[in-house]
Amino acid sequence: MRANKVSAIMENEFEGTGLGELTAKRPLATLYFDCKYRMIDFGLSNLVNANVRSIYMTASERNTQSIFDHLGGGNHWHLNNILSHYFVSFKETIQRAQAAGEPFHEPMIDFLRKAKSKFTVYTGNKILCNVDYRSVISVHEEQQRECTVLFKRVESDKIYPKDYILSFRENQPTLEATVFEELNEDQPFYNLAMNIFVVNTDWLINILEVAQNEGEYACLEELIWKNLKGNEVTTYEYTGYLSNIFDVKSYYEANMDMLDPKKFNSLLYSSQHILTKAKNEVPTYFSPESNVHASQFATGSIIRGTVHHSLISRRTAIEEEATVEHSIVMASGKIGQGATIQYAILDKNVTVEAGVRIIGTKEQPLVIKKGSHVTADQIGE
């Protein structure tokens, strides 16, 4: 696909408050996933795999350090060459400009005009998927509509209350989109709108200009929904792996899914590669007394204890007679001798003293916040 045919806007509007301590000091975008990836890697990789090289990202000022630390110059996603452009804008800057009566959407409008792209991909920040945008854009171009909405049919318990649900009624050609918590029906499956759109760039610029002239700020996703009319929309059904990350349980289950080879290969080893920041480290060491089953490990760890059905990130040490089961241990964890970890999520730089037990449940995994030093048992309800 021609590099300047499509631009992209990545909006980090969803703050993930349901993830508690996991997103207290970082945005959802840089939350660890499957030992070595970050959430943002999936959205970025989907775009660059389709040769989208002009990317505009919005984020909150409060938690952007980890985004800049992870992205660097963009070279891991091939965004550091002369034909590529990526920009980061702050949500608070837009809101301050709006409060002062200034043209608050002008930076985004300026980006879209200078990109000179025919189409723009919009993507939110809480859906994990591996989308072939080349196919989506081809369908969008063929249908000659203003907007294409991506959706997937998912179980009701995988849906956030504020998510949009698509309805296709018999003998009714127009698309209906309803917020999930406002539905009056109870079904096992729904058509989840994936917070992903492909739109005509001229149409997008127009709705941004109208919103700016009216002086009312809203995130771009809400503006798109507000301005859609039935005859302007087409849909694209995504059939690959998808996880909707909006609380601790959904995050835990998505990571555990990666221990299923079929789901793992669908998300990470399809024809579309997921790129991340490279780390040059030694392989993980497994001592003769270690006992490992159905688990994944990143590099640089030392495993002397038992690890079953768990995901262990970089530079983690698990000592002799320690047991980690059905758990997620993020980078630089230290699990002391004889400690027991079950159904838990240990954030980065957590130290667990010898003999300590941390035990949650499958329905309510126990979260240990970043940098904690755990010296006493923690047992979930």
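The following conversation goes through selected helices, strands and residues of a predicted model.

Colleague: Let us begin with α6. Which residues does helix α6 cover, and what span should they have?

Modeller: In this predicted model, helix α6 covers residues 201-214. At 1.5 Å a residue, its 14 residues should span 20 Å, and the end C-alpha atoms are 20 Å apart, which agrees.

Colleague: Which residues of α6 are buried?

Modeller: The buried residues in α6 are Thr-201, Trp-203, Leu-204, Ile-205, Ile-207, Leu-208, Ala-211 and Gln-212.

Colleague: And what do those buried residues pack against?

Modeller: They pack against both strands and helices: β1 (6-11), β6 (119-123), β8 (147-155) and β11 (189-200), together with α4 (106-115) and α7 (220-227).

Colleague: Take α4, then. At what angle do the axes of α4 and α6 cross?

Modeller: The two axes cross at roughly 160° and come within 10 Å. That makes α4 roughly antiparallel to α6. The crossing in which α4 passes α6 is left-handed.

Colleague: Which residues make that contact?

Modeller: From α4, the contact uses Glu-106, Met-108, Ile-109, Leu-112 and Arg-113. From α6, it uses Thr-201, Leu-204, Ile-205, Leu-208, Glu-209 and Gln-212.

Colleague: What about α7; how do the axes of α6 and α7 cross?

Modeller: The axes of α6 and α7 come within 11 Å and cross at roughly 100°. That makes α6 roughly perpendicular to α7. On the α6 side, Trp-203, Leu-204, Ile-207, Leu-208, Ala-211 and Glu-214 meet Leu-220, Leu-223, Ile-224, Lys-226 and Asn-227 of α7.

Colleague: What follows just after α6?

Modeller: Gly-215 comes just after α6 and takes a positive phi of about 75°.

Colleague: Where else is there a positive phi, in a residue other than glycine?

Modeller: Gln-144 is one such residue, with phi near 55°. Gln-144 lies in the loop between α5 (133-143) and β8. Tyr-343 is another non-glycine residue with a positive phi, of about 45°. Tyr-343 sits in the loop between β24 (340-342) and β25 (344-346).

Colleague: Why does Gln-144 count as exposed?

Modeller: Gln-144 has 69% relative accessibility, and the exposed class begins over 50%. Tyr-343 has 23% relative accessibility, so Tyr-343 counts as partly exposed.

Colleague: Changing topic: strand β4. How many of its residues are buried?

Modeller: Six of the six residues of β4 (residues 54-59) are buried, and the strand is mostly covered. Ser-54, Tyr-56 and Thr-58 point one way, while Ile-55, Met-57 and Ala-59 point the other way.

Colleague: Why would the side chains divide like that?

Modeller: In a regular strand, side chains alternate between the two faces of the sheet.

Colleague: Which strands are joined to β4 by bridges?

Modeller: Five bridges join β1 to β4, and these strands run parallel. Six bridges join β4 to β5 (residues 85-90), also in parallel. Tyr-56 of β4 is the bridge partner of Ile-9, and Tyr-56 also has Phe-87 in β5 as a bridge partner.

Colleague: Where is Ile-9 placed, and what does it touch?

Modeller: Ile-9 is in strand β1. Ile-9 is buried, with a relative accessible area of 0%. Not counting residues up to four places away in sequence, Ile-9 touches Tyr-56, Met-108, Leu-112, Thr-120, Val-121, Tyr-122, Thr-123, Leu-204 and Leu-220.

Colleague: Now the later strands. What is the order of the open sheet that contains β14?

Modeller: The order of that six-stranded open sheet is β14-β17-β20-β23-β26-β29, with parallel pairing. Its edge strands are β14 (285-286) and β29 (373-374), each of which pairs on one side only. Two bridges join β14 to β17 (residues 302-303), and Ile-302 in β17 is the bridge partner of Tyr-285.

Colleague: And the open sheet with β15; what is its order?

Modeller: The order is β15-β18-β21-β24-β27-β30, an open sheet of six strands with parallel pairing. β15 (291-293) and β30 (378-379) stand at the edges with a single partner strand each, so one side of each is left without a neighbour in the sheet. Two bridges join β27 (residues 357-359) to β30, where Ile-379 is the bridge partner of Ile-359.

Definitions and conventions
Residues are numbered from 1 along each chain as its sequence is written. This is a predicted model: local features need pLDDT of at least 70, side-chain atom pairs count only at pLDDT 80 or more; totals for chains, interfaces and linings use all residues. Side-chain values use heavy atoms; hydrogens and water are left out. Helices (H or I, at least four residues) and strands (E, at least two) are DSSP runs, numbered from the N terminus. The expected span of a helix is 1.5 Å times one less than its number of residues. Buried means under 20% relative accessible area, exposed over 50%, partly exposed in between (1.4 Å probe, protein chains only). Contact means heavy atoms within 4.5 Å. Two strands pair if DSSP finds at least two bridges between them. Axes are lines fitted to C-alpha atoms, for helices over the stretch in contact, and angles run from 0 to 180 degrees between N-to-C directions. Angles under 35 degrees count as roughly parallel, over 145 as roughly antiparallel, 65 to 115 as roughly perpendicular and the rest as oblique. A crossing is left-handed if the near helix is turned anticlockwise from the far one by less than a right angle, and right-handed if clockwise.
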